[in-house]
2 protein chains.
Amino acid sequence: MTDIGIGIAGLGTVGGGVVKLLRDKGTFFQDGLQLPVRLVRAADTNPARFSNVGLDPSVARSADAKDILDDPSVSVVVELIGGTSYAREFVLGALCRGKHVVTANKALLAEHGPEIFGAATSNGVSVYFEAAVGGGMPVIKTLREAMIANDILSLRTIINGTCNYILTRMAEEKLPFDVALAEAQERGYAEADPTLDIGGFDTGHKLAIMASLAHGGYLCYRDIPIEGISRVTKEDIEYARELGYTVKLLGIIKAAGDGRLDVRVQPTMVHADHILASVGGVFNAVLLEGDAVGSILLYGRGAGETPTASAVCADLIDCARDIASGAPQRIAMGFYSHSRTIEFLPLDNVRSRYYLRFGLADRPGALAGVTRSFADHRISIAAMVQKEHTSPDAVPVIMLCAKGMSVPHSRTSSSSMSSEPRHR
Amino acid sequence: MTDIGIGIAGLGTVGGGVVKLLRDKGTFFQDGLQLPVRLVRAADTNPARFSNVGLDPSVARSADAKDILDDPSVSVVVELIGGTSYAREFVLGALCRGKHVVTANKALLAEHGPEIFGAATSNGVSVYFEAAVGGGMPVIKTLREAMIANDILSLRTIINGTCNYILTRMAEEKLPFDVALAEAQERGYAEADPTLDIGGFDTGHKLAIMASLAHGGYLCYRDIPIEGISRVTKEDIEYARELGYTVKLLGIIKAAGDGRLDVRVQPTMVHADHILASVGGVFNAVLLEGDAVGSILLYGRGAGETPTASAVCADLIDCARDIASGAPQRIAMGFYSHSRTIEFLPLDNVRSRYYLRFGLADRPGALAGVTRSFADHRISIAAMVQKEHTSPDAVPVIMLCAKGMSVPHSRTSSSSMSSEPRHR
């Protein structure tokens, strides 16, 4: 059969990894799998990158990614530009010209999914995006294929390596947040501007994509309640440990039972015996609960040059298999983006166990007042620790409420976190 | 499009689960995914099972599974008969008649893989077998699709729930092997004749399939060195715990670097910090190490009615997607079974850490003699425990040898096990 020409836009870390894998595994793809994938054009605004990534001289080079769209020998476009403005235009341009798209751009799909999947559907091509969620872990494949016969009852995920690294270091070395963040930046695990990661937005983007696949519909990313980790203190982590818990930034999707979804990104106290508690450092994990299959965990490196490049290449081979077998739209996308808009359960209605930390005035009856007030509101307290006071006029009190409490999202200067009990 | 007719042979536990899932999720498959899968015929030698599984009156019933092969409305055959004689004939019959096959039969594929995949290839149809390995965990998909751009450096797996349940109970409750086995049988986690599971043969079947997919070739199941768990004593488990290890039955595949594979099934001491140590009870896990993606773990229920039925239905949807998109052989099978025969590294050449337990004569200099003999053979000892004697003429000694030792497979009455150090 004729070559399947690949054009790659963006030769940063992941792009370099893809070029390398296509070079190293090219013979296997072409001779072993009989799939004639071939990199024909690469584009990057920085010309130094062409030689940095060791691009073969036979590959055409462009400063302008649009050249890829105009190249008739390209049938699959790999978008690794990032961002949501130029990348959106570029991806839509590729789809409209009948080219398949492989992308690792979670923000683009979370914010413009229906437009992009719609363009793919109407142009008879597909968008492949395994690399957008969880790097080398097969999250998309598991949701759309392996668990297709399941109602997804819940999904809990640690899906941002930067946050997990920071929280792990805070716990292991008792570091304050700022110091752990600086260390992550030094080691290349956090960007100079870390907002997208530590603010929880990257987790939110990935969660929006997973919720769409798990529940067949479009879920508006902007409506997801998102709280990042910048307000988690080393004291919170220390108190959590005393109660037998670890603090993790979780993305959570739970079917509310009435068709609505409880979807949120929140720092969460995870019981030490819970399988997600053992996911440390830059590792990621997705714990899925299906009505037929029960619990499945996927665990691995969710980011980085070669894990993400591995996922991009898996998508390229999937795409090549689809093209070679004459099935360019094997997995119909309409169901996942257009059939309905998923409704949220408002955060005020979410019932969960909550961790509360607050300062209590150091005078007789203060604690009694609080506990009576909890009782009046039918909130039962599962665990409580009162520490010696650290400031002259307040005593730190930590409470873990029993299941069933709802805490409004609007927050005071006290800390609150939901919690996940032990899990087997 | 016209209906995709399904015929199911064998209405035991898994078969019943498949019937139930097809009934419960049928509307979603047909209207949501636009895939008109329909159960048209079921066969079982026991007529009581038709009503036990709540078969819809519209589904044709046969005592003889061959009726499924002769039914022109059946385009996909689900083989849940088990065993390797009648099932082999049945599956080959289906393929020769141009019907696709979905099977959970690991023994059949491990022992007759080349013949079956060859028949599929030459008849223009496919065999789907996600349910054969790891129940609802997407092991096959991960090996053949998600990690396709990776050299699989190693694979370590706990893939038999019966053995893992027995070993977990022996560790938790300090039960002898026989008592834990009886308990497993009572709870339905072990067969009346448990040989296939506790002998390690089921793990071997699954390992043969995984090795074929991971390394592209046929690996003869009968050549795999297999040791089951029936010789593991509660003392072994107790001593392992003292050294910081848990005993697990592992299936291991390691690339030896010279093109040969180290493939074996062995009771193994797994360090308490190793991620596989925390896989308890009937749960299964597969830890894969790829050159690009690093480590990936899949964890879930590897057996049981609904997890296995979930995998069968995922295969049915995969098959329906392939049929609907006109790509009945989307994933070519030749590469995985025919291109070459995989060579083994002989067990005598396998270098690993080993655990040894033996009785030492209770007289001065006995231990010195052993340690000098170890030193003469350049075997270094990583950990050693000598216990007080339990019999009048022998003192139990436990040793953990440092990496690099090879121990012949022929065994004395002493215990030996390989070990897996801590892992991050």
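How far apart are the mean positions of the 42 positive and 47 negative charges of chain A?

## Charge and surface of chain A

In this predicted model, the mean positions of the two sets of charges in chain A are 3 Å apart. The sets comprise 42 positive and 47 negative charges.

Chain A exposes about 16,100 Å². Carbon and sulfur atoms supply 50% of that area.

## Fold and dimensions of chain A

Chain A contains 15 helices and 15 strands. Along the principal axes, its C-alpha atoms fill a box of roughly 80 × 45 × 35 Å. The radius of gyration of chain A is 24 Å, which agrees with the value near 22 Å for a compact globule of 424 residues.

Of the 424 residues in chain A, 59% are buried. Contacts between residues at least 6 apart in the sequence of chain A can be divided by separation: 71% of them join residues at least 24 apart.

## Surroundings of B:R41

In chain B, B:R41 is part of strand 2, which covers residues 37-43. B:R41 counts as buried because its relative accessibility is 18%, and the cut-off for buried is under 20%.

The side chain of B:R41 makes a polar contact of 2.7 Å with the side chain of B:S62. Leaving aside residues up to four places away in sequence, B:R41 also touches B:V59, B:A60 and B:R61, among others. Further residues touched by B:R41 include B:I6, B:G7 and B:I8, as well as B:D67, B:I68, B:D71 and B:V74.

Notes: Residues numbered from 1 in each chain as written. Chains lettered and ligands numbered in written order. Predicted model: local features only at pLDDT ≥ 70, side-chain atom pairs only at ≥ 80, totals over all residues. Heavy atoms only, no water. Helix = DSSP H or I, 4+ residues; strand = E, 2+ residues; numbered from the N terminus. Rg over C-alpha atoms; globule rule 2.2 N^0.38 Å. Buried < 20%, exposed > 50% of the residue type's maximum accessible area, 1.4 Å probe, protein only. Contact = heavy atoms within 4.5 Å. Areas by Shrake-Rupley, 256 points an atom, 1.4 Å probe, with all protein chains shown as cover. Lys, Arg positive; Asp, Glu negative; His and termini not counted. Charge placed at Lys NZ, Arg CZ, Asp CG, Glu CD. Polar contact = N/O pair within 3.5 Å; in protein donor to acceptor, adjacent residues only side chain to side chain.
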